[in-house]
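Trainee: I would like to learn how to read a structure feature by feature. Where do we begin?
Mentor: With the model itself on screen.

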Amino acid sequence: MNKTARNDRLLWLAWALGITCLAIPLSGCGSATGSDNEQRVRFDDWMPGKPRESERERPYAYQLNAEKIFATSCSGCHGDDGRLGPAPPLNDPLFLAIYSPDQMLAVLAGGRSDGLMPAFNAGHVGGLTEQQRGILVKSIWERWGGASDLPANIPPYLQQATGEAAAGKVIFAAACSRCHGEDGKGRAAGALNERGFLALVSDQLLRRIMITGRPDLGCPDFVQSGSESSLKRPLTGADIANLVALMSAWRSGEEKALVDGP
Amino acid sequence: MNEMNDVEKSTTEGCCKKNRRAWFDWLSWFVLGAASLIMSLPVIGFLIGGVIWKKKDQWVPLGKVSQFKPGTTEMVTVKNPVRGPWDGITGELALYVRHLPEGEEKEFQIFSLHCTHLGCPVSWFDEPGLFMCPCHGSVFYADGGYAAGPAPRGLFEMKYKIQGDQLVALVGHYPTLQSPGSANVQATET
Amino acid sequence: MHVLKGIKNVLMWFEHRLVLRETFWPIVRHPVPRSLRRKVGWMYVLGSTAMTLLFLQVATGIALSMVYVPSAGEAYESLNYLNFQVPLGWLLRAIHNWSATMMLIVVVLHMTQVFLAGAYKYPRELTWMLGVVLFFCTVGMAFTGQVLRWDADSYWGLGVGAAMIGRIPYIGPALVDLMMGGPMVGGETLSRFFALHVYIIPGILFAALGAHLYLVVRKGISEPPEVGNEVDPETYEEEYEKLIADGEGDPFFPGPMARDAFFIGFTLLFVLAIAVVFGPDGPGLSPDPANVAVEPVPDWYFLSLFAVLALSPRSLETYIILIGPIIVVGVLFMLPIFAGRGERHPFRRPVAVLSVVFIFLALSVLTWLGVTEPWSPHMNAWTGDAVPVNIVKRLSPTEMQGAVVLQLKACRNCHALDGIGGKRGPDLTHVGSRLDRPALVRQVVQGGGNMPAYGKQLTGAQITALVDFLHACRPENRPPAVVPTPGDGVEGPGKLSRAGP
């Protein structure tokens, strides 16, 4: 222990004794100025109980640590690490390559009307301020984006032309039915042609999953699912549009059956 | 010396004087007692004055009617009309405004955010359409009705009217079971 | 020598006027039974320790009042100013807080000791009753002190207090206004509680303490109980006189008092140590009426009450709130009237000992429940508590969407998966092995068993997906639940044998 520290401790002891014995503390003395972050005395810094201004309890809107925001507001559906949650992973470089921070900001602020993603604006419980959303989105690309070994010719995130269900059926049989069964009725990876599923996922989400796969769950991306099938080539944007059209047709068929009865 | 003599005289003289003296003694105690009683009135009056002469709820604008979208519930914060001059942040008043979906009987519902169980603040969850209380876990439906937990009734509701383009509510006091929100009591219009 | 003589003269000058040797000296030298010389004498240090802590509270409280602003708009910031700006302000707040905690503990121990030793019996009934007043004053100081912290817990705690008082028939609303000093929690409420904490309750406390001490000296410290030695009002005082007669008793000062001195000194150092290590309590979030993202929890000494309020049945709650305190106060207060004579030794008072054990066990369990709050929804669970990875990995696409629905509809706020999430409702990890599909649909749509009905909040597809997910929530290789047909008469085993692969 160096000399100043010991002196400080002795000084502190004298203070403590003075307070407990005399019980006439001097905390009321002294004028009340000084900047917010500057404490007037430092000799009690070694005491573990001394509160720090930075650790002051504040509402969630003051939380500006992106990882903590993610853990509080996102990991419920997207998983602790941004993957292996029931909702599509964000910790997915392929996805982050075709998606943009601006798009994510818009979804965060307004939610997805065609899907299950809720809005996270300050008006909602557990909502985020604009500043928090900005920090969060930035950190998502910083943490998980920027992979160098991305495949070539990635289909764009947004669909460019409507697809054909009939063409989609052929591709589905070739590329998807291995895991999802004939007509999506289910196999190792479970059924897709189910009302519960089709009604809850948007065409956009279907497209995204067909492009990126679910790398965290072993579902292949557009390269794998195409190359490892009888197509022997990565799926293209048009292929995916056709697949989406097929599933969209399944969906409207289900809805029609629901109205007309079986 | 004269005074002394007077005193001695009055105590030593005959029966009438003695009676007068006794009466005076009695009067003295009576005066003290009555004075104390009277003096205590303003003190007691001061202490319970706030209960007798209450600050009444007032009509407060919550915002433009158009800012509340049908089918949504949101929190609005206004200045509490019964606040004191140095109430600071506690002089605010937060309420939940529910704009009912079109086609319903009423247009709005204004809820106090105090749980009817013990007054903790309920949080509105858009997705499940529920109010949840953090203290003892009472839950209320979007229309304020009781859903679960220890609460004895649904959320407290406030009276409202539409004045021009403003939504105005009769608010102020802290609602409790026997003194619920203004929509539940026969509030006299001010 | 001249100096000493001078000092002596000065002292004698005062003594001549104060006459302490005749008034004060006999009090500190009042005789106590010799049996206190034994180890059991250590049981007698608690009262004076509580009193010393009270004095420490007064001293630190006065010091804090030099900075604290009892105004609703500024109290919170003045506490932060004490914490972060005023030299040693945080330490004073910490000492005040931990000394209050310690005082409450010591007061309760003191009461327990007096109760177990039967020291409240004849002729010390009134001493006990005044002690009960002191106990409730201490609790009152604890509650009002917590209010002065003026953070979110304090703000909502006042609301809870008002809501409880508001349940009193007829006069409830008037009492609420009286307590809050107006129709809402605000500046007048804080000033009111400041007056209670600083003037009114301490006034009562010191008056009661004076009377308590007067009786302690006047009626003497009770002798340690002995098995078979019954208290009989006819003979007790005579026997006690013998115990403290000249040559039998010990003067309280300096002998027996030294134990008090040691224990008090030790306690003070202990309080200082925990204050240095743990620091002050709060203030927490600001008292913002619009910030609903709070979890108001009372200070630890009210956690048991908090638990009672959460756990009592709805139909009985008002009665528990209103009649419970009357019973508690009444029993404590009237105790010496009903049990003021007879055996004092705990060995011969099994009911007394069992009551103490029961009360402490009940309070501990309730406090523990108050800490864990299994009844409170976890407000951030729906966005913050991830679906366990091992569950996600085995889900089909539809079940996966069901899991998202479960999160989105805030089911996790009350239901845990793998032990993570709210504890209000049952853990859903294996719900698929308990309920079959129709039962799951019914529970989700209609609610029941203290769960809201979600029928209106979910679309058909959402219910399908959610039920698919819940149905899949069961251990691997465990068949789904099958509800037995009515009239089967067999419960568990029937279920299993009927469940096909």
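Trainee: How much area does chain A expose, and what share of it do carbon and sulfur atoms supply?
Mentor: Keep in mind that this is a predicted model. Chain A exposes about 13,500 Å². Carbon and sulfur atoms supply 55% of that area.

Trainee: What is the secondary structure of chain A?
Mentor: Count helices and strands. Chain A comes to 11 helices and zero strands. Along the sequence the pattern reads α-α-α-α-α-α-α-α-α-α-α.

Trainee: What percentage of chain A is buried?
Mentor: Of its 262 residues, 42% are buried. Then look at contact range. Take the contacts in chain A with a separation of 6 or more: 62% of them come from residues 24 or more positions apart.

Trainee: Is helix 9 of chain A largely enclosed or not?
Mentor: Count its buried residues. Helix 9 covers residues 203–212 of chain A. Seven of its 10 residues are buried, so this helix is largely enclosed by the rest of the structure. Among the buried ones are A:L206, A:M210 and A:I211. The list also includes A:Q204, A:R207, A:R208 and A:T212.

Trainee: What phi does the residue just after helix 9 of chain A take?
Mentor: A positive one. A:G213 sits just after the helix, with a phi of about 70 degrees.

Trainee: Now chain B. How is chain B divided into domains?
Mentor: Domain 1 spans 2–51 and domain 2 spans 58–171. Their centres, taken over C-alpha atoms, are separated by 59 Å.

Trainee: How do I read a sheet? In which order do the six strands of the open sheet in chain B run?
Mentor: Read the strand order, then the pairing, then the edges. The order is 1-10-9-4-3-2, and the pairing is antiparallel. Strand 1 (58–64) and strand 2 (72–79) of chain B are the edge strands, each pairing on one side only. From one strand to the next, the twist averages 35 degrees.

Trainee: How many bridges join strand 1 of chain B to strand 10 of chain B?
Mentor: Six, and the two strands run antiparallel. Strand 10 covers residues 166–171. For a specific pair, find B:G63: it stands opposite B:L167 in strand 10 of chain B.

Trainee: What is the order of the open sheet formed by four strands in chain B?
Mentor: That order is 5-6-7-8, with antiparallel pairing. Its edges are strand 5 (123–125) and strand 8 (146–148) of chain B, each pairing on one side only. Neighbouring strands are turned by 30 degrees against each other on average, direction ignored.

Trainee: Which residue of strand 8 of chain B is the bridge partner of B:F140?
Mentor: The partner is B:Y146. Two bridges join strand 7 (residues 139–141) of chain B to strand 8, and the strands run antiparallel.

Trainee: On to cysteines. How many disulfides does a search of the whole structure find?
Mentor: First, the general idea. A disulfide is a covalent bond between the sulfur atoms of two cysteines. The search finds one over all chains. B:C120 and B:C135 form it, with their sulfur atoms 1.9 Å apart. The pair links distant parts of the chain, 15 residues apart. B:C120 is in the loop between strand 4 (108–112) and strand 5 of chain B. B:C135 is in the loop between strand 6 (130–132) and strand 7 of chain B.

Trainee: Is that disulfide left-handed or right-handed?
Mentor: Read the torsion about the S-S bond. For B:C120 and B:C135 the torsion is about -80 degrees, so the disulfide is left-handed. Both ends are covered: B:C120 is buried at 1% relative accessible area, and B:C135 is buried at 2%.

Trainee: Why does B:C133 not form a bond with B:C115?
Mentor: Check the distance against the cut-off, which is 2.5 Å between sulfur atoms. The sulfur of B:C133 is 3.8 Å from that of B:C115, its closest cysteine sulfur, and that is too far for a bond. B:C133 is buried, with a relative accessible area of 2%. C:C473 is in no disulfide either; its nearest cysteine sulfur, in C:C411, is 11 Å away. C:C473 counts as buried, at 0% relative accessibility.

Trainee: Last one. Is C:V392 buried or exposed?
Mentor: Buried, at 0% relative accessibility. C:V392 is placed in helix 16 (residues 389–392) of chain C. Now list its contacts, leaving aside neighbours within four places in sequence. From chain A they include A:L84, A:G85, A:P86 and A:L217. From chain C they include C:V387 and C:M400. For a C-alpha distance, take C:F469: 77 residues apart along the chain from C:V392, and separated from it by 9.9 Å.

Terms used:
Residues numbered from 1 in each chain as written. Chains lettered and ligands numbered in written order. Predicted model: local features only at pLDDT ≥ 70, side-chain atom pairs only at ≥ 80, totals over all residues. Heavy atoms only, no water. Buried < 20%, exposed > 50% of the residue type's maximum accessible area, 1.4 Å probe, protein only. Contact = heavy atoms within 4.5 Å. Areas by Shrake-Rupley, 256 points an atom, 1.4 Å probe, with all protein chains shown as cover. Pairing = 2+ DSSP bridges. Axes fitted to C-alpha atoms, helices over the stretch in contact; angles between N-to-C directions. Domains from an automatic or database assignment.
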